[in-house]
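Open the model in your viewer and keep the sequence panel beside it. This tour tells you what to select at each stop.

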Amino acid sequence: MGGGYGLGSVFALQSWQMIMFALLLMVGSFYLGTLFGNNVPIYVSHLPSNSTSSSLLGNSSMSNQVSITYRKIPLSIPENGMDVCPLKYAEYIPCHDISNLKELLPTLDLSRREELERHCPPLENRLFCLVPPPEDYKIPVKWPTSRDYVWRSNVNHTHLAEVKGGQNWVHEKDQLWWFPGGGTHFKHGAPEYIQRLGNMTTNETGTLSSAGVYQVLDVGCGVASFSAYLLPLDIQTMSFAPKDGHENQIQFALERGIGAMISALATKQMPYPSSSFEMVHCSRCRVDWHENDGILLKEIDRLLRPNGYFVYSAPPAYRKDKDFPMIWEKLVNLTTAMCWKLIARKVQTAIWIKQENPSCLIINADRKVVQICDAEDDSKPSWKIPLRNCIHVTDQSYSQKLPPRPERLSVYSRSLRKIGVSQEEFDLDTLFWKAQVNQYWKLMNVSNADIRNVMDMNALYGGFAVALNNFPVWVMNVVPIKMQNTLSAIYDRGLIGAFHDWCEPFSTYPRTYDLLHAYHLFSQYKSGEEGCLLEDIMLEMDRIVRPQGYIIIRDEPSITSFGQLSKFLAVVQMFSLQQDLSVNMQSFTKKTVQEEAE
């Protein structure tokens, strides 16, 4: 595992006078012309007559062309600037693109739903143009109103409302989508369902919090109403679902301001560390847990902490018709072999607990009803690793009892000690980010309501997210696979996140995040490998940041020099719903850097 940056060098640069800082304000519905080009930027209000989105931009001229453009090897930037993708690519997700998937289908194991996983196209087949917003796109509704209402034009898909409206997933309401808080197994609302789960896990005496649940993995999350209503309990949820027939469910979740990502349980490990969640939740999640010798349940066992819960709200838990009794019997046999204990089964829901019982596993392994995985290095990130049909046994020397939130935010994880990070380094990092976040908000001059969805693209120990704990935001903490595995420590602090390789696009929809934080990220990818160039990563950042969103880049002077910053400004697409917001953007950025250097 290569990569890393020493805290000594970080804190040697702690004063704002010595840190080169780039703050890019992404503002609303006018393109900043000649992107990636060499000319002076021009401000425009419409595309050429051949544009499929001329109504989006009004009536002006611009040198950028609307065209399907692919990534060339070696990298080639048009003289006139970056092309703009046609409007039909407004929801382009490179590694979940249906046209690429169709070509791959003959090579995939459809019986295990491999088609639902990430499949990034070859570099030469990857679009290399700026993804436009859809027609009538509006700046998203602010949190907390967005929990219940979002603009219809921003996610203009009716399928879920048509097929799930009766279960109160989502309803159309004039120009808005309304989310009543229901789900397939909680159509009367998530709060009542969450309280019922609390009763079932505490023998009718408490809540999920009193049951020790503070981090949840929601499998097949739908529009993430379950996660939304766990937030008042200070329970952090990683919600995921595939890009499948439940059209744009993750896009709805993210537009609401709820943490979620596109992912699927199929043939590879999830991009999360072992022993990260106190609960894994499946409510009609459309996963066949009983198939393939329960290999997907064994992945859930890897992700659950000792004494964690598996919540299963689905027909086999309560129906006696069709093949549901057979499926239930298989589930009972599999979970018993894994030494899980069924602790509750009522009102269409069954709950198991993953017992901390090594002797049971040894006995069952001797009986050949389960296999224990060979020892492996936990520091290796869970990224593109095939699923293992065995039970992963946690290294007890690095396990620890975690306090509840918010005390959990201060936990120094034993996994850090394992990779050579001291308690002192950890504490310094925490103090460092508390100071930096206050400076960021002053520089951006934003209100708390302006930012909701945040991604820390190189999260290290999660200090940035911890410093944001009292802000009304959620943070996707990304640990690049080039770096040491600190994601286990991030989860031990009660946060959520994922492993990722920034040589590939992220599994999310365009226009997802209000703030992207790139701290010492680009210097990890400066080797010049194709697909990992600065331009590639910046183009992906442009795809996933929202109009009127922010990008903060802090890195080595070689990265944040004025020459490189001009490249950043050339790469990044800038929209504005108000023309005056986009004026003198290049001057604004240079002024910010100069002020911090003085």
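## Stop 1: strand β6

Select β6 and show its side chains. Gln236, Met238 and Phe240 point one way from the strand, while Thr237, Ser239 and Ala241 point the other way, and all are buried. That fits a general pattern: side chains in a regular strand alternate between the two faces of the sheet. How many of the 6 residues of β6 are buried? The count is 6 of the 6 for residues 236-241, so the strand is largely enclosed by the rest of the structure. Keep in mind throughout that this is a predicted model.

## Stop 2: the neighbours of β6

Now add β5 and β7. β5 and β6 run parallel, paired over 5 bridges. Look for Val216, which stands opposite Thr237 of β6. Then trace the chain from β5 to β6. Helix α6, residues 225-230, joins with these two strands in a right-handed β-α-β unit.

Turn to β7. Its pairing with β6 is also parallel, over 3 bridges. Select Ala241 and Ile262 together: Ile262, in β7, is the bridge partner of Ala241.

## Stop 3: the whole sheet

Which strands make up the open sheet, and in what order? Select β7-β6-β5-β8-β9-β11-β10, in that order, for an open sheet of 7 strands with mixed pairing. Its edge strands are β7 and β10, each of which pairs on one side only. Look along the sheet to see the twist, which averages 20° from one strand to the next.

Zoom in on β5, residues 215-219. It pairs with β8 in the parallel sense, over 4 bridges. Val216 has Met279 as its bridge partner in β8. Recall that Val216 also stands opposite Thr237 in β6.

## Stop 4: helices on the sheet

Show α5, residues 190-201. This helix packs on the sheet and touches β8, β9 (304-313), β10 and β11 (349-354). The direction of α5 makes about 50° with that of β11.

Next, show α9. It packs on the sheet too, touching β9, β10 and β11. Here the direction of the helix makes about 145° with that of β10.

## Stop 5: His281

Select His281, in strand β8. Is this residue buried or exposed? His281 counts as buried, with 1% relative accessibility. Draw a distance to Asp218: the two side chains share a polar contact of 2.8 Å.

Now show what surrounds His281. Beyond its neighbours within four places in sequence, His281 is in contact with these residues:

- Tyr193 and Leu197
- Val216, Leu217, Asp218 and Val219
- Phe226 and Val311

## Stop 6: backbone oddities

Most residues other than glycine have a negative phi, and most peptide bonds are trans. The next four selections depart from that pattern.

Go to Ser275, in the loop between β7 (260-262) and β8 (277-283). Its phi is positive, about 55°, although it is not a glycine. Ser275 has a relative accessible area of 16%, so it is buried under the 20% cut-off.

Move to Cys339, in the loop between α9 (324-337) and β10 (340-346). Phi of Cys339 is near 70°, again positive in a residue other than glycine. Cys339 counts as buried, at 3% relative accessibility.

Now the peptide bonds. Ile73 and Pro74 are joined by a cis peptide bond, with omega about 0°. Pro74 sits in the loop between α2 (54-57) and α3 (98-104). Arg405 and Pro406 are likewise joined by a cis peptide bond, where omega is about 5°. Pro406 is in the loop between α10 (358-366) and α11 (414-418).

## Last stop: zoom out

Show the whole protein. It has 18 helices and 16 strands. How many of its 598 residues, as a percentage, count as buried? The figure is 62%. Switch on contacts: among those with a separation of 6 or more, 70% join residues 24 or more positions apart. Finish with the surface. The protein exposes about 23400 Å², and carbon and sulfur atoms supply 50% of that area.

Conventions: Residues are numbered from 1 along each chain as its sequence is written. This is a predicted model: local features need pLDDT of at least 70, side-chain atom pairs count only at pLDDT 80 or more; totals for chains, interfaces and linings use all residues. Side-chain values use heavy atoms; hydrogens and water are left out. Buried means under 20% relative accessible area, exposed over 50%, partly exposed in between (1.4 Å probe, protein chains only). Contact means heavy atoms within 4.5 Å. Accessible areas come from the Shrake-Rupley method with a 1.4 Å probe; for residues, only the protein chains shown count as cover. Two strands pair if DSSP finds at least two bridges between them. Axes are lines fitted to C-alpha atoms, for helices over the stretch in contact, and angles run from 0 to 180 degrees between N-to-C directions. A crossover is right-handed if, with the strands pointing away from the viewer, the path from the first strand over the helix to the second runs clockwise. A polar contact is a pair of N or O atoms within 3.5 Å; within protein, one must be able to donate a hydrogen and the other to accept it, and residues adjacent in sequence count only if both atoms are side-chain atoms.
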